[in-house]
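The following exercises concern a single protein chain. Please study the sequence and the structure before reading each solution.

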Amino acid sequence: MKHIKKSQEPEKFIKWKALENDDWKPNWDDNFQTPEKAVVHDALLKEQGYICCYCGMRITRTTSHIEHLKPRSTYPNLALEYTNLIASCQGESEEPPTVPVHCGHKKSIGTMKI
């Protein structure tokens, strides 16, 4: 796993989370979309030097996803914490030839030791 020196979370992400009120709550599954998600993804890529946090493969926004270091299923309160977010390569491809599952996707199915 690559050592990542976390930067300050993007201002746009901070402002989006600060919009929380009695009628609306920022939520990973329901409303974390563009433009905020793209801004966060780009910030993660930049702070990691466009390298997968697990395998060191070169990544871009199209070849990576936002990964939770501590899984949302166990730590739902950390779902939108920038310090818990990293960028990981995609893993398995849907189209032949299929690439084996690795990195964040493999971690999510519980078979990767990190």
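The model is predicted.

**Exercise 1.** Determine where H65 lies, whether H65 is buried or exposed, and which side chain H65 contacts.

*Solution.* Step 1: locate the residue. H65 belongs to strand β1, which covers residues 64-68.
Step 2: judge the burial. Buried means under 20% relative accessible area. H65 has a relative accessibility of 16%, so H65 counts as buried.
Step 3: look for a partner. The side chain of H65 makes a polar contact with the side chain of Q90, at 3.3 Å.

**Exercise 2.** Describe the arrangement of helices and strands along the protein chain.

*Solution.* Step 1: count the elements. The protein chain contains three helices and two strands.
Step 2: read them in sequence order. The pattern is α-α-β-β-α.
Step 3: consider the contacts. Among contacts between residues at least 6 apart in sequence, 56% join residues at least 24 apart.

**Exercise 3.** Identify the residues with the most contacts inside the largest nonpolar core, and state which elements supply the core.

*Solution.* Step 1: consider burial in the chain as a whole. Of the 114 residues of the protein chain, 34% count as buried.
Step 2: recall a general tendency. In soluble globular proteins, nonpolar side chains tend to be buried together.
Step 3: examine the core. The largest nonpolar core has 21 residues, and those with the most contacts inside it are F13, W28, F32, V40, L44, I66 and L85.
Step 4: assign the elements. At least two residues of this core come from each of α1 (11-17), α2 (36-47) and β2 (85-89). The largest share, four residues, is supplied by β2.

**Exercise 4.** Analyse the surroundings of F32 and the ring pairs that F32 forms with F13 and W16.

*Solution.* Step 1: list the contacts. Leaving aside neighbours within four places in sequence, F32 is in contact with F13, W16, N27, K37, V40, I66 and L80.
Step 2: place the rings in context. The structure holds five aromatic pairs.
Step 3: treat the pair of F13 and F32. Their ring centres are 5.4 Å apart and their planes stand at 45°, so the pair is tilted. F13 lies in helix α1 and F32 in the loop between α1 and α2, so the pair ties together parts that are 19 residues apart in sequence.
Step 4: check the burial. F13 counts as buried because its relative accessibility is 1%, and F32 counts as buried because its relative accessibility is 0%.
Step 5: treat the pair of W16 and F32. The ring centres of W16 and F32 are 5.4 Å apart and the planes stand at 40°, so this pair is tilted. The pair links distant parts of the chain, with W16 in helix α1 and F32 in the loop between α1 and α2, 16 residues apart. W16 is buried, with a relative accessible area of 7%.
Step 6: combine the rings. F13, W16, W24, W28 and F32 form one aromatic cluster.

**Exercise 5.** Find the ring over which the charged end of K6 sits, and do likewise for K70.

*Solution.* Step 1: begin with K6. The charged end of K6 sits over the ring of Y82, 4.2 Å from the ring centre.
Step 2: continue with K70. The charged end of K70 sits over the ring of Y75, 5.4 Å from the ring centre.

**Exercise 6.** Classify C52 and C55 by accessibility, and state the count of disulfides.

*Solution.* Step 1: classify C52. Its relative accessibility is 0%, so C52 counts as buried.
Step 2: classify C55. With a relative accessible area of 42%, C55 is partly exposed.
Step 3: apply the cut-off. A disulfide requires a pair of cysteine sulfur atoms within 2.5 Å. By this rule, the count of disulfides is zero.

Notes
Residues are numbered from 1 along each chain as its sequence is written. This is a predicted model: local features need pLDDT of at least 70, side-chain atom pairs count only at pLDDT 80 or more; totals for chains, interfaces and linings use all residues. Side-chain values use heavy atoms; hydrogens and water are left out. Buried means under 20% relative accessible area, exposed over 50%, partly exposed in between (1.4 Å probe, protein chains only). A polar contact is a pair of N or O atoms within 3.5 Å; within protein, one must be able to donate a hydrogen and the other to accept it, and residues adjacent in sequence count only if both atoms are side-chain atoms. A nonpolar core is a set of buried Ala, Val, Leu, Ile, Met, Phe, Trp, Tyr and Cys residues joined through side-chain atoms within 4.5 Å. Contact means heavy atoms within 4.5 Å. Rings of Phe, Tyr and Trp (its six-membered ring) pair if their centres lie within 6.5 Å; planes under 30 degrees apart count as stacked, over 60 as edge-to-face and the rest as tilted. A charge sits over a ring if NZ of Lys or CZ of Arg is within 6 Å of the ring centre and within 35 degrees of the ring normal.
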